[in-house]
Amino acid sequence: MSGSILLGIFWHFVGAASAACFYAPFKQVKNWSWETMWSLGGFFSWIILPWTVSYLLLPDFWAYYGSFSFATLMPVFLFGAMWGIGNINYGLTMRYLGMSLGIGIAIGVTLIIGTLMTPVLQGKFDLLLTTSGGQMTLLGVAIAVVGVGIVSYAGLLKERALGIQAEEFDLKKGLILAVMCGIFSAGMSFAMDAAKPMHQAAEQVGVSPLYVALPSYVVIMGGGAIVNLGFCFVRLAVKSNLSIKADLSVAKKLLITNALFSILGGAMWYFQFFFYAWGHANVPEQYGYMSWMLHMSFYVLCGGIVGLLLKEWIGVGRKPVRILCLGCLVIILAANIVGMGMAS
């Protein structure tokens, strides 16, 4: 396995670790509605940081985006909006299925669709079936899905041991939302593929290959921002039990603390894709769609590791922890198999 591929896998792991930890600051926000907290964090994640980073990278910010046709930008934007819809469904999935079952189904679906639909849309799926490298990467995807399932089962045992239940458990509704979440969240993978002309243009104006994907985030996350912020603002406007005025009327010290934690959570959410771009840059171009598989499987892996470090598994018994460790090892095995497939 080449050093570049190993580095790509490492950066995908770093990005996934940031994703696995991003909600920790949000948990420190007090006396604010979820909508206000999510809007502020999202504003920094989807608008401020992508625009700022791109402005610093590009020699002429406005000329760069003005050089693309509507036909080039629109699919990138729409796939970003698709990813934004997945974000909303993700939260609703947790509501009706609980964390472990919801994450397992949603991540499993988005891992499969986001990874395999790209070569299907490109008309290159036959290469996965007829080449040794393709067959090995397919095997890695299958093993990753198994690993996600094992980790999710461990989480389900943990929730049962701790007496944690879904907020409004509804298996039918939850399964539908989980599948929708998986499908729509894969929009980020599709958006990155559609944004290849933007990546090439960034390299042509002197942006390092390590950073060429970052300017496309202005358009991708712009689509996600409109969906997420629109959803939050509508709820704040029409729900009688929600009030942004009341959220902003808390004591000044708490207001500042809440704002800082929300911004930190949003920044961590953005940096998962910052390092995703670094990892993607080190993956061979013909296997670029494997970036999504690495990101999503590492997301589940890092979530398990973070839970252990935060002592969330204390008191659940040995069996769930052993199953969690087994699932993490299976995901690590899957990443290695995919890496060897890309290198062959």
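Let's start in the interior: the largest nonpolar core of this structure takes in 88 residues, and Tyr217, Phe273 and Met293 are the ones with the most contacts inside it. Keep in mind as you look around that this is a predicted model.

Tyr217 is a good residue to centre your view on. Leaving aside residues up to four places away in sequence, Tyr217 touches Pro50, Met192, Gly222, Tyr270, Phe273, Phe274, Tyr276 and Ala277. One of these neighbours, Phe273, was also named among the residues with the most contacts inside the core.

From here we can turn to the rings. The structure holds 34 aromatic pairs. Among them, Phe43 and Phe44 form an edge-to-face pair, with 6.3 Å from centre to centre and 80° between the planes. The planes have to be over 60 degrees apart for that label, which is why 80° counts as edge-to-face. How exposed are these two residues? Phe43 has a relative accessibility of 35% and therefore counts as partly exposed. Phe44, at 24%, is partly exposed too, because buried would require a value under 20%.

Another pair has a different label: the ring centres of Phe271 and Phe275 are 6.4 Å apart and their planes meet at 40°, so this pair is tilted. Both residues belong to helix H14, which covers residues 252-281, and they sit four residues apart, about one turn of the helix. Their accessibility puts them in separate classes. Phe271 has a relative accessible area of 31% and is partly exposed, whereas Phe275, at 17%, falls under the 20% limit and so counts as buried.

Now move to the surface. Which residues form a nonpolar patch there? They are Phe13, Ile305 and Leu309, which together have about 270 Å² of accessible area. Phe13 is part of helix H1, residues 3-21, and its relative accessible area of 30% makes it partly exposed.

The last stop is a backbone detail at Asn31. This residue has a phi near 60°, a positive value in a residue other than glycine. Where along the chain does Asn31 lie? You will find Asn31 in the loop between helix H2 (23-26) and helix H3 (34-57). With a relative accessible area of 60%, Asn31 is exposed, because the limit for that class is over 50%.

Conventions:
Residues are numbered from 1 along each chain as its sequence is written. This is a predicted model: local features need pLDDT of at least 70, side-chain atom pairs count only at pLDDT 80 or more; totals for chains, interfaces and linings use all residues. Side-chain values use heavy atoms; hydrogens and water are left out. A nonpolar core is a set of buried Ala, Val, Leu, Ile, Met, Phe, Trp, Tyr and Cys residues joined through side-chain atoms within 4.5 Å. Buried means under 20% relative accessible area, exposed over 50%, partly exposed in between (1.4 Å probe, protein chains only). Contact means heavy atoms within 4.5 Å. Rings of Phe, Tyr and Trp (its six-membered ring) pair if their centres lie within 6.5 Å; planes under 30 degrees apart count as stacked, over 60 as edge-to-face and the rest as tilted. Helices (H or I, at least four residues) and strands (E, at least two) are DSSP runs, numbered from the N terminus. Patches are made of residues with over 30% relative accessible area and no salt bridge: like charges are joined within 9 Å, nonpolar side chains (Val, Leu, Ile, Met, Phe, Trp, Tyr) within 5 Å. Accessible areas come from the Shrake-Rupley method with a 1.4 Å probe; for residues, only the protein chains shown count as cover. A salt bridge is a side-chain nitrogen of Lys or Arg within 4 Å of a carboxyl oxygen of Asp or Glu.
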